[in-house]
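Reader: Hello! I am new to this structure and would love a close look at a single part of it. Could you pick one strand and walk me through its surroundings?

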Amino acid sequence: EPEVKLTYIGTFSNTFYCPCYSCNGNSHGLTASGAPLTPYLSVAVDRRVIPLGTELYIEFENANAQSISGYYMAHDTGGAIRGNKIDVCVNNHSEAYYYGVGKCKVYIVERN
């Protein structure tokens, strides 16, 4: 069983987006890292803060989003994603609206 180490990197603001053209543009289902855009896995980050390909553990503070706290991957970037802000991919607009805008604690995951 691999050992998992979590390193806290700060409290971030978070939003949610979906794979549709309106949210994601003309990416043909791919993220900035080349990985497939995957709901409940792909996260858009500022690559100056979190390198693409980094595994994250995200603990959402917003009551509606607490249930989806867990492991994610820094797969994507976005025009409005600057500094300590992340954008989490979900299935559709209604889920994005439901989870809303909030704050979250972000950890870098290291597996040995």
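Author: Let's take strand S5, which pairs with S1 in the parallel sense over five bridges. This is a predicted model, so please read what follows as a description of that prediction. To find one of the places where S1 and S5 meet, look for Asn 14, whose bridge partner in S5 is Ile 86. S5 also pairs with S2, this time in the antiparallel sense and over two bridges. Here you can look for Ala 44, which has Asp 87 as its bridge partner in S5.

How enclosed is S5? The strand covers residues 85–89, and four of these five residues are buried, so S5 is largely enclosed by the rest of the structure.

A good place to see those surroundings is Val 43, which is found in strand S2. Its relative accessible area is 0%, and because buried means under 20%, Val 43 counts as buried. Not counting residues up to four places away in sequence, Val 43 touches Ile 86, Asp 87 and Val 88. On the same terms, its contacts also include Ile 58, as well as a run made up of Tyr 72, Met 73, Ala 74, His 75 and Asp 76. For a sense of distance, try finding His 28 as well: Val 43 and His 28 are 15 residues apart in sequence and 17 Å apart in space, C-alpha to C-alpha.

Two of the residues that Val 43 touches, His 75 and Asp 76, lead us to Thr 31, which is in contact with both of them. Thr 31 lies in the loop between helix H1 (21–24) and strand S2 (42–44). Despite being in a loop, Thr 31 is buried, with a relative accessible area of 8%. Its side chain reaches the backbone oxygen of His 75 at 3.0 Å. Leaving aside neighbours within four places in sequence, Thr 31 is also in contact with Pro 36, Leu 37 and Ser 42.

Now let's go back to S1, the parallel partner of S5. S1 spans residues 4–17 and is joined to S6 by 10 bridges, with those two strands running antiparallel. One pair to look for is Lys 5 with its bridge partner in S6, Glu 110. Val 4 has its place in S1 too, and at 33% relative accessibility it counts as partly exposed. Together with Leu 6 and Tyr 71, Val 4 makes a nonpolar surface patch of about 230 Å².

From S6 we can step across to S3, since these strands pair in the antiparallel sense over five bridges. Tyr 57 has Tyr 107 as its bridge partner in S6. A salt bridge also links the side chains of Arg 111 and Glu 55, at 2.8 Å from N to O. Arg 111 lies in strand S6 (residues 102–111) and Glu 55 in strand S3 (residues 55–60), so the pair ties together parts that are 56 residues apart in sequence. Glu 55 is buried at 18% relative accessible area, whereas Arg 111 is partly exposed at 42%.

The count of salt bridges comes to two. Asp 46 and Arg 48 also meet through their side chains in a salt bridge, at 2.7 Å from N to O. Here Asp 46 is buried, with a relative accessible area of 6%, while Arg 48 is exposed, at 66%.

Definitions and conventions
Residues numbered from 1 in each chain as written. Predicted model: local features only at pLDDT ≥ 70, side-chain atom pairs only at ≥ 80, totals over all residues. Heavy atoms only, no water. Patch = residues over 30% accessible without salt bridge, like charges linked within 9 Å, V, L, I, M, F, W, Y side chains within 5 Å. Areas by Shrake-Rupley, 256 points an atom, 1.4 Å probe, with all protein chains shown as cover. Salt bridge = Lys/Arg side-chain N within 4 Å of Asp/Glu carboxyl O. Helix = DSSP H or I, 4+ residues; strand = E, 2+ residues; numbered from the N terminus. Buried < 20%, exposed > 50% of the residue type's maximum accessible area, 1.4 Å probe, protein only. Pairing = 2+ DSSP bridges. Polar contact = N/O pair within 3.5 Å; in protein donor to acceptor, adjacent residues only side chain to side chain. Contact = heavy atoms within 4.5 Å.
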